[in-house]
Amino acid sequence: MYLSIGNDMAVRDRSIVGIFDMDNTTTSKRTREFLDKAEKEGTVIPCDDLPKAFVLTAEYGLQKVHLTALSSSTLEKRLK
């Protein structure tokens, strides 16, 4: 099954490691460092609008960070 994360993007539900709210998680220094490192490595997939959440996926040994304009609660509801 797939989860639609906006901007005509979808990710496999089995590959989702976590769904994180940008406002709550970016206050942590470690999360900011993780996102900076992911951006430098080119594993961040941006969205067109202001991101409200990010979805961390791991598939075939590759991690990706998908930024999305949808809220984490909306994404959680779509998973159910």
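1. Salt bridges make a good starting point: this predicted model holds two of them. As a general matter, side chains of opposite charge can pair when their charged atoms come close.

2. The pair I would look at to begin with is R12 with E59, whose side chains meet at 3.3 Å, N to O. R12 belongs to strand β2 (residues 9-12) and E59 to strand β5, so this salt bridge ties together parts that lie 47 residues apart in sequence. E59 has a relative accessible area of 27%, so it counts as partly exposed, the class between 20% and 50%.

3. The other pair is E76 with K80, where the N to O distance is 3.7 Å. How exposed are its two members? E76 is partly exposed, at 44% relative accessible area, while K80 counts as exposed, at 78%.

4. Now to the strands, beginning with β5 and β6. These two pair in the antiparallel sense, over seven bridges. Within that pairing, T57 stands opposite K64 of β6. The hairpin they form has two residues between the strands, and Y60 there takes a positive phi near 55°. That residue may be a nice one to pick out on your screen.

5. β6 has another partner. Strand β4 (residues 44-45) runs parallel to β6, and two bridges join them. Here V44 stands opposite V65 in β6. A colleague tracing the sheet can therefore follow β6 from its antiparallel pairing with β5 to its parallel pairing with β4, keeping in mind that side chains in a regular strand alternate between the two faces of the sheet.

6. Which residues make up the largest nonpolar core? There are eight: M22, L35, A38, C47, F54, L56, V65 and L67. Helix and strands both contribute, since α2 (29-41), β5 (53-59) and β6 (62-68) each supply at least two residues of this core. In general terms, nonpolar side chains in soluble globular proteins tend to be buried together.

7. A38 is a handy place to see how these pieces meet. Setting aside neighbours within four places in sequence, A38 is in contact with T43, V44 and V65. V65 is itself a member of the largest core, and V65 is also the residue that V44 stands opposite.

8. Finally, please don't overlook the second core. This one is separate, has seven residues, and includes L3, I5, I16 and A53.

Conventions: Residues numbered from 1 in each chain as written. Predicted model: local features only at pLDDT ≥ 70, side-chain atom pairs only at ≥ 80, totals over all residues. Heavy atoms only, no water. Core = buried A, V, L, I, M, F, W, Y, C linked by side-chain atoms within 4.5 Å. Buried < 20%, exposed > 50% of the residue type's maximum accessible area, 1.4 Å probe, protein only. Helix = DSSP H or I, 4+ residues; strand = E, 2+ residues; numbered from the N terminus. Contact = heavy atoms within 4.5 Å. Salt bridge = Lys/Arg side-chain N within 4 Å of Asp/Glu carboxyl O. Pairing = 2+ DSSP bridges.
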